[in-house]
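Open the model in your viewer and keep the selection tool at hand. Each stop below says what to select and what is there.

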Amino acid sequence: MTAVQPAPTDSALKETLEDYTLRFAPRSYRKWGTGVVATSALGGIAYLADFAIGANIGISYGTGNALWGILVFAVVIFLTGLPLAYYAARYNIDLDLITRGSGFGYYGSVVTNVIFATFTFIFFALEGSIMAQGLKLGLNIPLPIGYALSTLMVIPLVIYGMKALAKLQVWTTPLWLILMVFPFVYLVVSNPDSVGDFMAFGGADGAAGKGVNLGSVMLAAGVCLSLIAQIAEQIDYLRFMPPKTPENTRRWWTAVLLAGPGWVIFGAIKQVVGLFLAVYLIANVADGASIANEPVHQFLEIYENIMPGWLAMTLAVILVVISQIKINVTNAYSGSLAWTNAYTRVTKTYPGRMVFVLFNLAIALVLMEANMFSFLNDILGFYANCGIAWIAVVASDIVFNKYILKLSPKVPEFRRGMLYNFNPVGFVSMLLAAGLSILTFFGGLGSALEPYSPIVALVIAIVMPPVLAVATKGKYYLRRNDDGIDLPMFDEHGNPSDETLLCHVSGMEFERPDMIRSNKVGPEGEILYISSLSLSTDKTGEHILPEQK
C-alpha cells in the first residue's frame with residue numbers, strides 16, 4: 001500500500017495547486033465576485049493585434065469585404081464560444097478538461113493543448129512586435145532589443161498566477177479604455193469626412209469599387225478567425241467563477257456572456273477601428289500607407305492632433321506597453337498551462353509551470369526576431385484552420401452529442417481512469433477538419449476553393465462529431481460510469497460540491513469533483529481515494545480502477 005505522505009511543499013506542486021493546472025478549480029479558491037472575474041477575463045483582450053488585423057485585411061481586401069469578414073468572424077466565434085464558456089463557468093474547468101470529455105479522451109486532447117499553446121506564442125509574438133515598434137518610435141530602442149524587453153518584462157507577473165493577474169487586469173483597465181477610446185471619438189467628431197473615406201476605401205486592388213466579393217470576404221474572415229482560440233484564454237479566467245445560485249443568476253449569466261463569447265464583440269469593434277485609423281493614415285499622412293497597419297503609429301498620429309508632440313509620444317508608448325502587458329501575461333500564463341497539461345499527461349512528470357513559461361516565451365521571441373509581423377496574414381490564415389477545427393468540434397459535441405442526441409455525458413468528465421485514452425468522435429473529427437481545411441488553404445482542392453478553407457474547417461468540425469457519435473453509439477466517452485465515491489458530485493443548485501476527501505497519495509484534502517476511488521485499499525481493506533492531480537502523475541497505473549463493461 002502507498003502510505004499517506006505529508007503535504008508536499010515543493011515549488012512545482014505549489015504552482016499546480018495555485019493555478020489548478022491539470023485539475024478542477026475548487027470552490028475554496030474561487031473567492032472573486034462575478035464582476036472581478038469578468039473584468040479580469042476582458043482585460044486579457046486589451047491587445048492591439050486586433051487593430052493590426054483589421055488594418056491588414058482592409059488594406060488587402062477593401063473596407064466592404066473586411067467588414068463582412070469581421071461580421072462572419074464575430075458570429076462564428078460567438079456561437080462556438082457560448083457552450084464552451086458555459087461549461088467552464090458552470091463546472092470550473094479549463095478548456096483542456098472540457099475537451100477531454102467532449103469527444104477526445106484522456107490523451108486525445110493532448111494535440112489540442114499544442115494547438116492552443118501555438119495560439120499563445122503566435123499572439124505573444126504579435127503583441128511583442130507591436131510593443132517593440134512603440135519602444136523604437138518613442139525611445140529609439142532597436143527592434144531586436146525591444147523584442148527581448150517585451151518578452152522579459154512579463155515573466156515576473158506570470159509567476160504568481162490568477163491572483164496577480166486579476167489585480168493587474170482590474171487596475172489597468174480604466175486607463176487603457178481612456179487611451180483607446182478617446183482618439184477614435186475625437187477623430188470621428190473633428191473629421192466627419194473620414195467616415196466617408198473609410199466606407200469608400202477599396203484596398204490594395206480597389207476591391208470596394210468592384211463590390212463585395214465572397215472570396216475576399218472569406219479570406220478576410222479566415223485571418224480574423226485565427227482568434228477563435230481566444231475563448232480558451234477567456235476560459236482560463238471564467239473557470240474561477242463563483243457558484244451559480246438563485247441570488248446571482250442574472251449577474252452570473254451577464255459575466256459569462258460578456259467575458260466568454262462576448263469578447264468577440266469588443267474584438268470586432270477594435271478591428272473596425274484599426275481599419276478606420278489605417279484608412280485615415282493612408283489618406284491624410286505622408287507615407288501613411290507604410291505605417292497604416294502599425295497600431296502605435298495609428299494612435300500617435302491622432303494624439304498629435306490633440307496635444308504636444310512629446311505628450312502624444314508618451315501616451316502612445318504607455319498605451320502600447322499597457323496593452324502588451326495585459327494580453328501577454330495572459331498569453332504566457334495560458335500557454336504555460338497548455339504545455340504543462342500536454343507534457344505531464346504524456347510523461348506522467350510535472351516539471352513546474354515556470355519551465356513552460358520560459359519555453360513558450362522563447363518560441364515567441366524567435367518568431368519576433370524572424371519579423372513575423374511582415375507575413376502576418378499568412379500565419380494567421382493558416383492557424384485559423386487548426387483553431388476552428390478544435391473549437392468547433394468541442395462546441396458541436398456539447399450542443400449535439402450532449403444535449404440533443406444525448407450520446408455524450410452531459411456532465412463533463414476529465415479524470416484519468418474515467419475516460420478512454422482516445423475517443424474517435426472528437427479526435428478524428430478534428431483531424432479531418434484541420435487536414436482538409438489546410439489542404440484547401442494551400443490550394444490542394446483547387447484555386448477556386450482556396451479562400452474557403454475556414455468554411456471547410458467549420459462545416460466538417462460541426463457535422464462530423466454527431467455523425468461519429470451515432471456511428472460509435474457513444475461507447476468511447478466513458479470507461480467507467482461509477483467513480484467509486486458515494487458522496488454527491490453537485491450541491492442543491494447544481495454546482496460542483498465543496499465536500500472534501502483525503503488523497504491517500506499526497507496526504508492532502510481535495511474537493512469532491514477532483515477525487516476518484518483508488519484501486520488500492522487500506523491495510524484493513526478500507527476504501528482509499530486519490531486526487532486527479534496525483535492520478536495524472538501516477539506512472540504505475542496501480543491506482544486506476546478497472547474498466548466497466
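The tour starts with confidence, then visits a few residues, a helix, the cavities and some loops.

**Stop 1: confidence**

Colour the chain by pLDDT. This is a predicted model, and its mean pLDDT is 86. Of the residues, 91% reach 70 or more. Now select residues 1-17, where pLDDT stays under 50. The model has 41 contacts beyond four places in sequence for this stretch. Where pLDDT is low, the predicted coordinates should not be read in detail.

**Stop 2: Gln-234**

Select residues 230-238, which form helix H12, and pick out Gln-234 within that helix. Is Gln-234 buried or exposed? Its relative accessible area is 1%, and Gln-234 is therefore buried, since the cut-off for buried is under 20%.

Show the side chain of Gln-234 and look for two links. One is a polar contact of 2.8 Å with the side chain of Gln-230. An α-helix has 3.6 residues a turn, so residues three or four places apart point the same way. The other link goes from the side chain of Gln-234 to the backbone oxygen of Ala-259, at 2.8 Å.

Which residues touch Gln-234, apart from its neighbours within four places in sequence? Select Ala-41, Leu-42, Ile-45, Ala-259, Gly-260 and Trp-263 to see these contacts.

**Stop 3: Trp-176**

Go to helix H9, residues 161-190, and find Trp-176 there. Trp-176 has a relative accessible area of 11% and is buried. Beyond four places in sequence, Trp-176 is in contact with Ala-46, Lys-270, Leu-319, Ile-322, Ser-323 and Lys-326.

Draw a distance between the C-alpha atoms of Trp-176 and Lys-326. The two residues are 150 places apart along the chain, yet these atoms are separated by 9.5 Å.

**Stop 4: helix H11**

Select residues 214-224, the span of helix H11. How many of the 11 residues of H11 are buried? The count is nine, so H11 is largely enclosed by the rest of the structure. The buried residues are Gly-215, Ser-216, Val-217, Met-218, Ala-220, Ala-221, Gly-222, Val-223 and Cys-224.

Now add Asn-213 to the selection. Asn-213 caps the N-terminal end of H11. One of its side-chain oxygens lies 3.0 Å from the backbone nitrogen of Gly-215.

**Stop 5: the largest cavity**

The structure holds four cavities of 30 Å³ or more. The largest has a volume of about 90 Å³. To find this cavity, select its lining: Asp-94, Leu-95, Asp-96, Thr-112, Asn-113, Phe-116, Asp-236, Ser-334, Leu-337, Ala-338, Asn-341 and Trp-390.

Colour the helices next. Helix H5 (95-104), helix H6 (110-139) and helix H17 (309-347) are the elements that give two or more residues to this lining. Which element gives the most to the lining of the largest cavity? H17 does, with four residues. By type, the lining of the largest cavity has five nonpolar, four polar and three charged residues.

**Stop 6: the second largest cavity**

The second largest cavity holds about 40 Å³ of space. Select its lining: Tyr-47, Ala-49, Phe-119, Phe-123, Glu-127, Leu-227, Gln-230, Glu-233, Ile-327 and Asn-331. Here the elements that give two or more residues are H6, H12 and H17. H6 gives the most, with three residues. Six residues of this lining are nonpolar, two are polar and two are charged.

Gln-230 was met earlier, as the partner of Gln-234 in a side-chain polar contact.

**Stop 7: three loop residues**

Select Asn-140, in the loop between H6 and helix H7 (143-152). Asn-140 is not a glycine, although its phi is positive, at about 60°. Its relative accessible area is 63%, and Asn-140 is exposed.

Move to Lys-348, in the loop between H17 and helix H18 (353-369). Lys-348 is also a residue other than glycine with a positive phi, near 60°. Is Lys-348 buried or exposed? Its relative accessibility is 13%, so Lys-348 counts as buried.

Finish at Gly-507, in the loop between strand E1 (500-502) and strand E2 (509-511). With a relative accessible area of 23%, Gly-507 is partly exposed. Select Ile-530 as well: Gly-507 and Ile-530 are 23 residues apart in sequence and 9.4 Å apart in space, C-alpha to C-alpha.

Key:
Residues numbered from 1 in each chain as written. Predicted model: local features only at pLDDT ≥ 70, side-chain atom pairs only at ≥ 80, totals over all residues. Heavy atoms only, no water. Buried < 20%, exposed > 50% of the residue type's maximum accessible area, 1.4 Å probe, protein only. Polar contact = N/O pair within 3.5 Å; in protein donor to acceptor, adjacent residues only side chain to side chain. Contact = heavy atoms within 4.5 Å. 1 Å grid on protein atoms, 1.4 Å probe; cavity = no way out; pocket = protein on both sides within 12 Å on 5 of 7 lines; lining within 4 Å. Points joined across faces, edges and corners; volume = space filled by probe spheres on them. Nonpolar A, V, L, I, M, F, W, Y, C, P; charged D, E, K, R; others polar. pLDDT = per-residue confidence, 0-100.
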